[in-house]
Amino acid sequence: MPDETLLYLTRSHVESLAIPMEEVVDAVESALEEKGRGTVEMPPKPGVHPAPDSFIHAMPAFLQEMGAAGIKWVSGFPGNLERDLPYISGLFILNDPTTGFPLSVMDCTWITGVRTGAATAVAARYLARDDSSTVGIVACGVQGRTNLEALSCLFPLERVHAFDIDPAVARRYAREMGQALELEVVPVDRVKEAVEGMDLVVTSGPILKDPEPVIPLDWLGDGAFACPLDFDSYWTPEALAQVDRLVTDDLAQFHYYRDVGYFRSTPDPVADLGQVVVGEAPGRTSPGERTLSLNLGLAIEDVATARLIYQRACREGVGTELPL
């Protein structure tokens, strides 16, 4: 497109492209490989916090090998659920890295949900057992759905236990995800039933600075993998300390969040996920290890996914061309 215009993509535009989860997983893994090789620029995300446990973050990144740059302006407001509004909302701007001109402005809701699930799947590829077949989902919102879809792309899943603070949401999730993925999805009444005995565990409740975690020592079993997308909101310090191999998707952002009050009792991660992907740090080293990846959400994942969307939209003639 000429420099004087940009492509505007609404949420319905983005969703209509129906980009397969497998492609997003591959794009996110490529972004993490670049990170491991040191060919990305991604400062820790600054933000403002207008309401308790809310955030509006700026997430810029540049991927040199992929030839992509952009920024996500994303918010998370737990109180939106009471207003029948999504927890996450925002916009993404994709730039031409050779001129700096914006190529596209697009809704980031789909991007955030899908790339987060894809990042969990990439972490699990290196940290979970290859034969993992059971999944525990704690919180059955958008992330509960995209994470299960992404994990189903890589693992021979057979059974899922799904917990939500609203039992009706868990029942609907079980019905819809079971049908969509042709899996046995069982709604459960207690968090313990979604963690104990599961090979893969994903928690995705709201991120809280002063949480009251409920997952204690020993619920995560030997050989299991977990991905807490809600930071340490569900996991007690004792449970996190019991993990044999704890990594994070970005060490700089982990320490940034610790400095502003999160992860006060969380052990230091032993490696960055990008280092694991390129082989500079080990992933799982034995079948019996408890492993965990603290995925904080990376701008490089958003850029890689937005690039996929923009390329597909241009090929298919989707979106609205706007003057700068």
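**Strand pairing and buried residues in a predicted model**

Ile56 faces Ser75, a residue of strand β5, across a strand pair. The model is a predicted one, and this pair is a convenient place to enter it. Strand β4, residues 55–63, and β5 run antiparallel and are joined by nine bridges. The two strands form a hairpin with four residues between them. In the turn of this hairpin lies Gly67, whose phi is positive, at about 65°.

Strand β5 also pairs with strand β6, residues 88–95. This pairing is again in the antiparallel sense, and it extends over eight bridges. Within it, Gly76 stands opposite Ile88 of β6. How much of β5, residues 68–76, is buried? Seven of its nine residues are, so the strand is largely enclosed by the rest of the structure. Buried here means a relative accessible area under 20%.

A second arrangement of strands is an open sheet with eight members and parallel pairing. The order across this sheet is β10-β9-β8-β11-β12-β15-β13-β14. Its edge strands are β10, residues 184–187, and β14, residues 271–272, each of which pairs on one side only. Inside that order, strand β8 (residues 134–138) pairs with strand β9 (residues 159–163) in the parallel sense, over five bridges. Gly136 stands opposite His161 of β9.

The loop between α8 (251–259) and β14 leads up to one of the edge strands. Thr266 is found in this loop. Is Thr266 buried or exposed? With a relative accessible area of 6%, against a limit of 20% for burial, Thr266 is buried. Leaving aside neighbours within four places in sequence, the residues in contact with Thr266 are Asp232, Leu240, Phe254, Arg258 and Leu294. Phe231 is 35 residues away from Thr266 along the chain, and the C-alpha atoms of these two residues are separated by 9.6 Å.

Another buried residue is found in helix α10, which spans residues 299–316. This is Asp302, whose relative accessible area is 0% and which therefore counts as buried. Which residues does Asp302 touch, not counting those up to four places away in sequence? They are Met59, Lys72, Phe92, Ile111, Thr112 and Arg115. Three of these contacts lead back to the strands of the opening paragraphs: Met59 lies in the range of β4, Lys72 in that of β5, and Phe92 in that of β6.

The remaining description concerns the protein as a whole. Its secondary structure comes to 10 helices and 16 strands. The radius of gyration is 19 Å, and the globule rule gives 20 Å for 324 residues; the two values are close, so the protein is as compact as a globular protein of that length. Taken along the principal axes, the box filled by the C-alpha atoms is roughly 60 × 40 × 40 Å.

Of the 324 residues, 56% count as buried. Among contacts with a separation of 6 or more, 72% are between residues 24 or more positions apart. The exposed area of the protein is about 13500 Å², of which carbon and sulfur atoms supply 52%. The protein has 25 positive and 48 negative charges, and the mean positions of the two sets are 3 Å apart.

Methods: Residues numbered from 1 in each chain as written. Predicted model: local features only at pLDDT ≥ 70, side-chain atom pairs only at ≥ 80, totals over all residues. Heavy atoms only, no water. Rg over C-alpha atoms; globule rule 2.2 N^0.38 Å. Buried < 20%, exposed > 50% of the residue type's maximum accessible area, 1.4 Å probe, protein only. Contact = heavy atoms within 4.5 Å. Areas by Shrake-Rupley, 256 points an atom, 1.4 Å probe, with all protein chains shown as cover. Lys, Arg positive; Asp, Glu negative; His and termini not counted. Charge placed at Lys NZ, Arg CZ, Asp CG, Glu CD. Pairing = 2+ DSSP bridges.
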